[in-house]
Amino acid sequence: NWASLHKFTKLGLVQVLLIAMVGVAVFSKLNKNVKGIILMGAGMLVGALFAVFGQIYQTGANAYDFFFGWTAFIALWVFVSNFGPMWLLFLALINISIWQYFEQVLGRVDEVKILDLLFIINLLYLILLKVLAHFGKITSVPRWLERVIVLISISFLTFNLSFQVLDHETMSYLTVLLGVIALTLGIYYGMRQKDTFFIATIGLSIILIFLSLLIQTIFKAADGLGGFFITGIYVVGSISVLIFSIVNLNKQWHGDEE
């Protein structure tokens with residue numbers, strides 16, 4: 001019977017639930033992680049509240065200002081809670097807001113530029129978290145959160161470079177420069193921290209970028225069967241080399257620790 005409810009009843013239900021969840025998160029003596037989960041639920045309800053408001057007054061539930069307002073209104077909760085999933089939700093809303101801004105406000109989406117921008121913003125977001133943790137403003141960044149953000153950032157970069165390799169007309173020197181710097185520093189950081197995740201992620205990224213180059217050149221030059229054979233050999237061989245390298249590095253690092 002949601003459609004038959006009065007608009008103030010709809011808004012009131014969401015607001016009461018939102019206030020109740022925030023009250024429990026702030027004033028209860030529950031475990032910190034439980035409080036974080038409850039506050040994250042409240043953060044989701046902020047989006048639900050804006051969506052209900054947009055449904056009632058026809059302001060649009062997928063507009064740029066909807067996601068931007070959602071992002072802005074939970075920003076304080078994100079910093080106060082210092083809860084990993086909240087940081088991730090905040091980053092997701094930032095990414096969606098930026099994409100919607102390009103699409104709805106500027107009226108167009110330049111895939112190369114927006115992917116460059118999203119890569120930089122996600123990487124700066126991780127660096128900001130690491131800096132805040134270093135100076136004691138927040139607790140240490142959870143390893144899973146760090147890895148998820150790195151995976152998101154590298155995915156943006158890999159897709160962008162692969163797309164540009166396949167379409168030479170969209171080639172951007174900025175993306176190439178960002179790729180060389182980021183992938184090199186990522187490998188250096190992974191070796192320094194003895195973390196195979198960075199080596200594996202960046203290695204896979206490089207494999208996919210060169211696969212795009214291979215498809216663009218050899219696959220088009222050879223016949224269909226020959227192209228599939230060459231690319232298949234490349235994928236199997238490169239991934240095998242990557243796995244072999246990671247296993248060896250893991251053994252060396254464990255040996256060093258022992």
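1. Let me start inside helix α2. Gly43 has a relative accessible area of 0%, so this glycine is buried. Gly43 sits in α2, which covers residues 32–57. For a sense of scale, take Asn248, which is 205 residues away along the chain: its C-alpha atom and that of Gly43 are separated by 44 Å. Keep in mind throughout that this is a predicted model.

2. Now a contrasting glycine. Gly237 belongs to helix α9, residues 224–257. With 31% relative accessibility, Gly237 counts as partly exposed. Pair Gly237 with Lys7, 230 residues away along the chain, and the C-alpha atoms are separated by 61 Å.

3. Helix α7 deserves a longer look. It runs over residues 173–193, and its 21 residues should span 30 Å at 1.5 Å a residue; the C-alpha atoms at its ends are indeed 30 Å apart, so expectation and model agree. Which residues of α7 are buried? They are Thr175, Leu178, Gly179, Ala182, Leu183, Gly186 and Gly190. These residues cover an arc of only 115 degrees around the axis, so they lie on the same side of α7.

4. Turn α7 around and you get the other face. Pointing away from the buried side are the exposed residues Tyr173, Val180, Leu185, Tyr188 and Arg192.

5. Both ends of α7 are worth a click. At the N-terminal end, Ser172 acts as a cap, with a side-chain oxygen 3.3 Å from the backbone nitrogen of Leu174. After the helix comes Lys194, with a positive phi near 55 degrees. Lys194 is placed in the loop between α7 and α8. At a relative accessible area of 37%, Lys194 is partly exposed.

6. Why flag a positive phi at all? Most residues other than glycine have a negative phi. Lys194 is a residue other than glycine with a positive value, and Asn82 is another such case, with phi near 50 degrees. Asn82 is found in the loop between α3 (64–81) and α4. Is Asn82 buried or exposed? At 16% relative accessibility, Asn82 falls under the 20% cut-off and so counts as buried.

7. Next, helix α4, which takes in residues 84–105. From first C-alpha to last, its 22 residues reach 31 Å, close to the 32 Å expected at 1.5 Å a residue. Following α4 is Gly107, which also has a positive phi, near 80 degrees.

8. On to the largest pocket. It holds about 500 Å³ of space. How many residues line the largest pocket? There are 18, and those nearest its centre are Leu123, Ile127, Ala182, Leu185 and Gly186. As for where the lining comes from, at least two residues each are supplied by α5 (111–134), α6 (143–166), α7 and α8 (196–221). By character, the lining has 14 nonpolar residues, two polar and two charged.

9. The pocket and the faces of α7 can be read together. Ala182 and Gly186 are among the buried residues of α7, while Leu185 is among the exposed ones on the face turned away. These three are included in the group nearest the centre of the largest pocket.

10. Last, a serine in α6. Ser153 lies in that helix, and at 1% relative accessibility it counts as buried. Where does the side chain of Ser153 reach? It reaches the backbone oxygen of Ile149, at 2.9 Å.

Conventions:
Residues numbered from 1 in each chain as written. Predicted model: local features only at pLDDT ≥ 70, side-chain atom pairs only at ≥ 80, totals over all residues. Heavy atoms only, no water. Helix = DSSP H or I, 4+ residues; strand = E, 2+ residues; numbered from the N terminus. Expected span 1.5 Å × (residues − 1). Buried < 20%, exposed > 50% of the residue type's maximum accessible area, 1.4 Å probe, protein only. Arc of directions from axis to C-beta. Polar contact = N/O pair within 3.5 Å; in protein donor to acceptor, adjacent residues only side chain to side chain. 1 Å grid on protein atoms, 1.4 Å probe; cavity = no way out; pocket = protein on both sides within 12 Å on 5 of 7 lines; lining within 4 Å. Points joined across faces, edges and corners; volume = space filled by probe spheres on them. Nonpolar A, V, L, I, M, F, W, Y, C, P; charged D, E, K, R; others polar.
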